[in-house]
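Here's a quick tour for anyone opening this structure for the first time. Have the sequence and the 3D view side by side, and follow along topic by topic.

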Amino acid sequence: MAVNLVNVENVSKVYGTRALLDGVSLGVSEGDRIGVVGRNGDGKTTLIRMLAKLEEADTGRVTHSGGLHIGVLTQHDSLDPAATVRHEVIRDMADHEWAGNAKIRDVLTGLFGGLDMPGFPQGLDTVIGPLSGGERRRIALAKLLIEEQDLIVLDEPTNHLDVEGISWLADHLRERRSALVCVTHDRWFLDQVCTRMWDVQKGTVYEYEGGYSDYVFARAERERIAATEETKRQNLVRKELAWLRRGAPARTSKPRFRVEAANELIKDVPPPRDKSELMKFASSRLGKTVFDLENVTVQAGPKVLLKHLTWQLGPGDRIGLVGVNGAGKTSLLRAMADAALSDGERQPVAGRVVTGKTVKLAYLSQEVAELDPDWRVLQAVQQVRDRVDLGKGREMTAGQLCETFGFSKEKQWTPVGDLSGGERRRLQLLRLLMDEPNVLFLDEPTNDLDIETLTQLEDLLDGWPGSMVVISHDRFFVERTTDRVFALLGDGALRMLPRGIDEYIERRHAMEEAAASASPVAAKAVADVSQKSAADVRAAKKELQKIERQLDKISEKEAKLHDQIAANATDFAKVGELDAELRALAGQREELEMQWLELADDA
């Protein structure tokens with residue numbers, strides 16, 4: 001029987017006149033892996049701080065088992081700014097001592113990309129004081145993971161980690177013996193790591209067995225039976241469940257929730273997006289040209305990030321952009337945005353960005369734009385416009401869109417200066433959408449957004465007719481809102497990944513293994529490849545573009561054939577003909593994808 005580590009008994013916590021937690025009783029046992037979710041401000045962080053005895057409850061009590069060794073990652077680290085990374089993380093161990101420790105090597109490589117900590121000016125001897133908040137947070141996480149604990153409590157551990165770092169952390173935590181309690185908005189991470197969920201809502205904590213997918217199903221089922229939530233929200237939960245059943249669980253090893261019950265619950269829920277319909281509408285709004293990049297070179301200061309890039313963003317394209325930090329994802333978006341917002345006058349250092357005449361761009365950058373702190377939330381939205389056309393006959397007022405983004409009628413009269421960082425982020429995104437753009441650039445749009453707000457944003461984007469590029473470390477959001485994934489692997493090139501982020505992780509692992517085992521023979525091979533002429537590279541890239549367009553057309557044909565099969569389900573002869581066409585298209589797709597993979601090595 002599992003040993004109980006922490007007991008929370010009838011705990012309450014009040015701030016001002018608001019009860020964040022009201023008579024909550026919970027327990028954490030050996031082997032538990034608990035994910036904590038809920039809206040921003042509902043008490044998630046307060047709950048885990050009391051769990052770790054970093055904060056006192058107003059009533060009730062929290063007890064730890066005798067000799068409990070607990071490790072806590074809070075949102076604000078306690079690192080000594082005068083110390084070096086070496087002193088804080090490995091306690092000045094001799095090099096031969098820590099380098100011989102497999103756990104320390106794994107943590108340093110997983111969180112920093114290598115034992116020499118590339119990106120830190122003096123490696124392990126870098127002084128902590130001048131480092132950014134994200135770098136300090138990774139150091140605090142490394143310090144915690146190198147030690148042994150009975151219980152690890154993590155508050156937003158995936159913040160400031162890239163896709164690879166998040167994947168590594170999930171693998172690492174699954175292999176540890178420590179119990180885990182983790183607050184995060186990263187749904188992919190929750191599904192990979194957690195076996196129980198705590199949902200903090202209005203002073204109460206609801207417990208669910210299983211990971212995030214199980215939680216979505218159980219919550220939808222609970223709301224259906226109790227009928228306590230409004231129809232709109234219930235439908236959003238069912239829509240997300242439909243996405244999980246049709247997509248994400250197919251990529252996990254063992255979906256644990258009851259498949260039959262889940263399918264029954266979502267039997268009348270349509271797919272998230274009608275791709276062909278949205279593509280038609282986007283083409284009518286945008287024309288044929290959106291962004292054409294011709295032999296473009298992108299620089300950040302003296303550093304060349306992308307070379308000889310020829311690429312096209314077409315009407316209705318929904319692109320996810322992933323890559324190593326510093327590879328040029330944000331710089332690429334800025335170069336395209338500069339050309340669009342200056343009517344083509346501001347161009348990259350080499351090559352040309354051609355922007356369609358009808359493009360109306362909205363660019364959500366990582367920086368939160370400053371607004372008049374005296375404005376009310378609703379006023380800040382109405383400054384843009386009073387109503388917004390969402391396409392397909394859907395229209396919303398500024399107040400309705402505010403509610404969709406989590407600003408209740410009362411909250412809409414809050415001064416902007418009193419909003420939290422996450423609330424300002426939501427308001428910034430809301431103002432962008434209110435301006436009715438037909439092209440969206442979203443650079444880390446999920447920062448500071450809770451899961452309910454993310455779900456509402458995804459629902460809004462499902463019916464949004466336009467072109468979109470998303471940069472995000474949130475795998476779930478990228479897979480949920482985009483149709484194709486492109487990657488920057490740090491070698492100056494942009495590549496389409498037919499298998500998405502899974503393929504990106506595989507490629508990055510292969511690159512790291514190749515670098516680790518580099519030999520004179522391998523170095524010579526790399527040098528030989530680099531001698532390819534620029535003309536050969538450009539030709540390969542153009543052919544890649546051609547293949548990608550052919551693959552898109554095949555996808556559209558396959559979707560139409562599936563619709564025809566459904567419409568002629570009782571006509572076996574017709575279904576046989578359509579099925580033969582589908583098989584032929586599948587053969588064409590496989591051949592094109594093989595050609596694409598061969599050409600990708602040359603580009």
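Before we start, a word on labels: Ala, Val, Leu, Ile, Met, Phe, Trp, Tyr, Cys and Pro count as nonpolar, Asp, Glu, Lys and Arg as charged, and the others, Gly among them, as polar. Keep in mind, too, that this is a predicted model. We'll look at cavities, then two sheets, then some aromatic rings and a couple of backbone oddities.

**Cavities**

- Searching the whole structure turns up five cavities of 30 Å³ or more.
- The largest cavity holds about 110 Å³ of space.
- Its lining is made of 14 residues, and Thr310, Leu494, Leu544, Gln545 and Glu548 are the ones nearest the centre of the largest cavity.
- What kinds of residues line the largest cavity? The split is nine nonpolar, two polar and three charged.
- At least two lining residues come from each of strand 11, strand 20 (494-497) and helix 20 (534-567).
- Helix 20 is the top contributor to the lining of the largest cavity, with four residues.

**The sheet with strands 11, 10 and 13**

- Strand 11 also belongs to an open sheet of three strands, set in the order 11-10-13 with antiparallel pairing.
- Why is one side of strand 11 and of strand 13 left without a neighbour in the sheet? Strand 11 (303-313) and strand 13 (350-355) stand at the edges and each has a single partner strand, so one side of each is left without a neighbour there.
- On average, neighbouring strands in this sheet are turned by 30° against each other, ignoring direction.
- Strand 10 (residues 291-300) and strand 13 run antiparallel and are joined by five bridges.
- Across from Val353 in strand 13, you'll find Leu293.
- Helix 12 (residues 329-341) lies across strand 10, strand 11 and strand 13, and it runs at about 120° to strand 10.

**The sheet with strands 2, 1 and 4**

- Here is another open sheet of three strands, in the order 2-1-4, and the pairing is antiparallel.
- Which strands are at the edges? Strand 2 (18-29) and strand 4 (59-64) are, and each of them pairs on one side only.
- Neighbouring strands of this sheet are turned by 15° against each other on average, with direction ignored.
- Five bridges hold the antiparallel pairing of strand 1 (residues 4-15) with strand 4.
- Asn7 sits opposite Thr63 in strand 4.

**Aromatic pairs**

- The count of aromatic pairs comes to seven.
- One of them joins Phe291 and Phe441: the pair is tilted, at 5.5 Å centre to centre and 35° between the planes.
- That pair ties together distant parts of the chain, since Phe291 is in strand 10 and Phe441 is in strand 17 (residues 439-443), 150 residues apart.

**Backbone oddities**

- Some background first: most residues other than glycine have a negative phi.
- Asn10 isn't a glycine, yet it has a positive phi of about 50°.
- You'll find Asn10 in strand 1, the strand that pairs with strand 4.
- Asp343 isn't a glycine either, and its phi is positive at about 55°.
- Where is Asp343? Look in the loop between helix 12 and strand 13.

Note on methods. Residues numbered from 1 in each chain as written. Predicted model: local features only at pLDDT ≥ 70, side-chain atom pairs only at ≥ 80, totals over all residues. Heavy atoms only, no water. Pairing = 2+ DSSP bridges. Axes fitted to C-alpha atoms, helices over the stretch in contact; angles between N-to-C directions. Contact = heavy atoms within 4.5 Å. 1 Å grid on protein atoms, 1.4 Å probe; cavity = no way out; pocket = protein on both sides within 12 Å on 5 of 7 lines; lining within 4 Å. Points joined across faces, edges and corners; volume = space filled by probe spheres on them. Phe/Tyr/Trp six-rings, centres within 6.5 Å; stacked < 30°, edge-to-face > 60°.
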